[in-house]
Amino acid sequence: MGNLEMSTGDMRDVIRLLTAVERTPEQERVLAVARDRCAQIDARFEADDITLDVPVAQALEELLDGSPTADMEPGYRYAFQALVAVQFSDTYDLGYWRRLSWFHTVDEEMTGHGVPADLAPAALLFAGPPIRLPHPGDALPAMGTFPASRAAELVEAYEAVLDRLDPEVRETAEMLLEPMRVEAGEWERTKQAGRTEDTVFFWMH
C-alpha cells in the first residue's frame, strides 16, 4: 500500500515558513529547495501517468498564499511534506506496508493490553497533519506527528506488553520501538544542547 518513513525536526520552522509575511534569506533558501522537490514529485507523477487536479508545485504556492483552491486533493499533503523534508532530519525507512488497516488491528490488541490509545501505532502514524490541509481524497498519502519528548514514554509502554502480543503484532510494535528508542536518547541530547528538534514526523506514501 505504501512506504512508511519518519524524520525529526522543529515543526515550528515549517509553520513559520508557511505563515511568514516577509521571509528571511534562510527561509527563501529553504523554500527554493522545497519548490524544486515539488517539481520533481510532479515530474515523477507525470512519468507514471498520474494526473493531479492540483499539481504539487501549485499546491505549495497555494499553501503559501493561504488559499487552497480544492477541498479534496493529495497535492497539498505532498507539498507540505516537501517543506518538512527540507527542514527535518534524513528519513528513517520503516518499510513497505500493504494494508493500513493492519495498524488499527495492532492498536486494538495493544490498547487491550494497556497501551494508552494515543501511543498506539495508528494514532501516531495517521493522526494527520499539524495544520489544516485539504483532505487527500484517499488513504494515501498519510501523515502524523508525535512529540519527541514522549518517545521514552512510548518505549516504556510498548516494552511492557511485548511478551503478551501476538507474534505479528509484536513484530509491528518492534518496528516502531527501534527508532523510538533512538529518538528517546536523542531527545535528551537535544534538550541538553538547547536545540529545538521536538517533533517526530511520520509519512506514508
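**Entry 1: the second largest pocket**

I began with the second largest pocket, for which I noted a volume of about 200 Å³; I keep in mind that the model is a predicted one. I then listed the residues that line this pocket and found Tyr96, Trp97, Arg98, Arg99, Trp102, Glu168, Glu171 and Thr172. The elements that contribute two or more residues to this lining are β2 and α8 (167-193), and α8 supplies the largest share, with three residues. Sorted by class, the lining of the second largest pocket holds three nonpolar residues, one polar residue and four charged ones.

**Entry 2: the largest pocket**

I turned next to the largest pocket, where the space comes to about 230 Å³. Its lining consists of 13 residues, and those that lie nearest the centre are Glu5, Arg37, Gln81, Ala85 and Trp203. Here the elements that give two or more residues to the lining are α2 (25-47) and α4. By class I recorded five nonpolar, four polar and four charged residues for the largest pocket.

**Entry 3: aromatic pairs**

Since Trp203 had come up in the lining of the largest pocket, I looked up the aromatic rings as well. How many aromatic pairs does a search of the whole structure find? The search returns six.

I looked at phenylalanine 88 and phenylalanine 201 in detail: the ring centres are 6.3 Å apart and the planes stand at 75°, so I entered the pair as edge-to-face. Phenylalanine 88 sits in the loop between α4 (75-87) and β2 (92-97), while phenylalanine 201 belongs to strand β4 (residues 199-204), so this pair ties together parts that lie 113 residues apart in sequence.

Are these two rings' residues buried or exposed? Phenylalanine 88 counts as buried because its relative accessibility is 8%, under the 20% cut-off, and phenylalanine 201 is likewise buried, with a relative accessible area of 2%.

Phenylalanine 201 also pairs with tryptophan 203, and I noted this aromatic pair as stacked, with 6.5 Å from centre to centre and 20° between the planes. Tryptophan 203 is buried too, at 3% relative accessibility.

**Entry 4: the cluster and a charge over a ring**

I then asked which residues form one aromatic cluster. The members are Phe45, Tyr78, Phe88, Phe201 and Trp203, so both of the pairs described above, the edge-to-face one and the stacked one, fall within this cluster.

Last, I checked the ring of phenylalanine 45 and found that arginine 44 lies over its face, at 5.8 Å from the ring centre.

Conventions: Residues numbered from 1 in each chain as written. Predicted model: local features only at pLDDT ≥ 70, side-chain atom pairs only at ≥ 80, totals over all residues. Heavy atoms only, no water. Phe/Tyr/Trp six-rings, centres within 6.5 Å; stacked < 30°, edge-to-face > 60°. Helix = DSSP H or I, 4+ residues; strand = E, 2+ residues; numbered from the N terminus. Buried < 20%, exposed > 50% of the residue type's maximum accessible area, 1.4 Å probe, protein only. Lys NZ or Arg CZ within 6 Å of the ring centre and 35° of its normal. 1 Å grid on protein atoms, 1.4 Å probe; cavity = no way out; pocket = protein on both sides within 12 Å on 5 of 7 lines; lining within 4 Å. Points joined across faces, edges and corners; volume = space filled by probe spheres on them. Nonpolar A, V, L, I, M, F, W, Y, C, P; charged D, E, K, R; others polar.
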